[in-house]
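Trainee: I'd like to learn how to read a structure like this one. Could you walk me through it?

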Amino acid sequence: MDLIVTTAQQTIPCISRQAEEIAKRLAVPFIPRKHSSLAALKEQYGINQLIVATANGPVVHTPAGEYFFHLSMAELRIKNIVNGNHDHMVTAMNLRTGMSVLDCTLGLATDAIVASFVTGETGRVVGLESSPIITVVADYGLQHFVVDSEVDITSALRRVKVENADYSERLQAVADNTFDIVYFDPMFREPIFKSSNVNPIRSLANMQPLTAEAIRQACRVAKEKVVVKEAAGSSEFARLGITTVVGGKYSSINYGIIDCQQTLSGGGLP
Ligand SMILES: C[S@@+](CC[C@H](N)C(=O)[O-])C[C@H]1O[C@@H](n2cnc3c(N)ncnc32)[C@H](O)[C@@H]1O
């Protein structure tokens, strides 16, 4: 990997430790910052991206901008749920306290945090992410980020278990009916948001489209449903043989739902 990990110029021992741990995890060099600028480090090591350990966690400097952990819409979605409003993903999954979810495309973990909040202490959420850099950012944020809120969102973050794995391989090793829900939110073919923290992910993420084989494996692993998030009107649903598609009337996002119980009772896998 053409990457180094460093720290801010003024640093403290715990941030140097964070940088060393991340470098070890990614098997890339840790370079003490000293007085070098980031541009000078990039030039010296012939790289176009690097990770800077900071008091708020790792920040990935990519040519497309900075990528770091943040709650995105998770806090707002959770507060809406607490206030009795409905969340399209939660409804598509028919998600309830105590359920288990395998999120095959963890990314920034926004959906996993919402799922973890809804399933609660008795539930289980596992997130798979194939990009090692995105995995490190999500894992660090989920373990360290503290949410200053009356609603206990911090515990929901801590409960999400993260694995750096490609779902195409990992699903094959999961036993039948292990999770209630298996969820996919692949990278959209075209970005629908122009926000500055969405575009950097495109340079780090696995852009492979979802395959029919992965859906077949997911149907075997899920007890209740396989749910796929895609841009509204996406031809991906038809390509993958998913016929039940839901979403808000004005939403740019749709959820494809495969009911695994119906599938088992004779519908056949897509
Ligand atoms: C659109 S993002 C997911 C966003 C996430 N649902 C959230 O709420 O933050 C898609 C993520 O899935 C990851 N991904 C794509 N294909 C994958 C695969 N085969 N195995 C594991 N992760 C994958 C990408 O690297 C990317 O981080």
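Mentor: Let's go through the domains, the contact between them, the ligand site and the salt bridges.

Mentor: Before that, some ground rules: this is a predicted model, where local features need pLDDT of at least 70 and side-chain atom pairs count only at pLDDT 80 or more, while totals for chains, interfaces and linings use all residues. Residues are numbered from 1 along each chain as its sequence is written, and side-chain values use heavy atoms, with hydrogens and water left out.

Trainee: Which domains is the chain divided into?

Mentor: Domain bounds come from an automatic or database domain assignment. Here you get domain 1 (5–55) and domain 2 (74–267), and their centres, taken over C-alpha atoms, are 31 Å apart. Six residues from domain 1 and seven residues from domain 2 make the contact, meaning heavy atoms within 4.5 Å.

Trainee: How do I read the area buried between domain 1 and domain 2?

Mentor: Buried area is the accessible area (1.4 Å probe) that two parts lose on being put together, summed over both. In this model that comes to about 580 Å², with carbon and sulfur atoms giving 66%. On the domain 1 side, Arg-25, Leu-26 and Gln-49 supply 64% of what domain 1 buries against domain 2, more than any other three residues.

Trainee: How many salt bridges does the rule find across that interface?

Mentor: Side chains of opposite charge can pair when their charged atoms come close. The rule wants a side-chain nitrogen of Lys or Arg within 4 Å of a carboxyl oxygen of Asp or Glu. It finds one across the interface: Asp-139 with Arg-25, at 3.0 Å, N to O.

Trainee: What about salt bridges in the whole structure?

Mentor: A search finds 13. One of the pairs joins the side chains of Glu-75 and Lys-79, at 3.0 Å, N to O. Because they sit four residues apart in helix 3 (residues 74–82), about one helical turn separates Glu-75 and Lys-79. Helices here are DSSP runs (H or I, at least four residues), numbered from the N terminus.

Trainee: And which residues are closest to the ligand?

Mentor: A residue counts as near if one of its heavy atoms lies within 4 Å. There are 20 around the ligand, and the closest are Asp-111, Glu-129, Asp-166, Asp-185 and Asn-206. A side-chain N or O atom of Glu-129 is 2.6 Å from a ligand oxygen, and one of Asp-166 is 2.9 Å from a ligand nitrogen.

Note on methods: A polar contact is a pair of N or O atoms within 3.5 Å; within protein, one must be able to donate a hydrogen and the other to accept it, and residues adjacent in sequence count only if both atoms are side-chain atoms. Helices (H or I, at least four residues) and strands (E, at least two) are DSSP runs, numbered from the N terminus.
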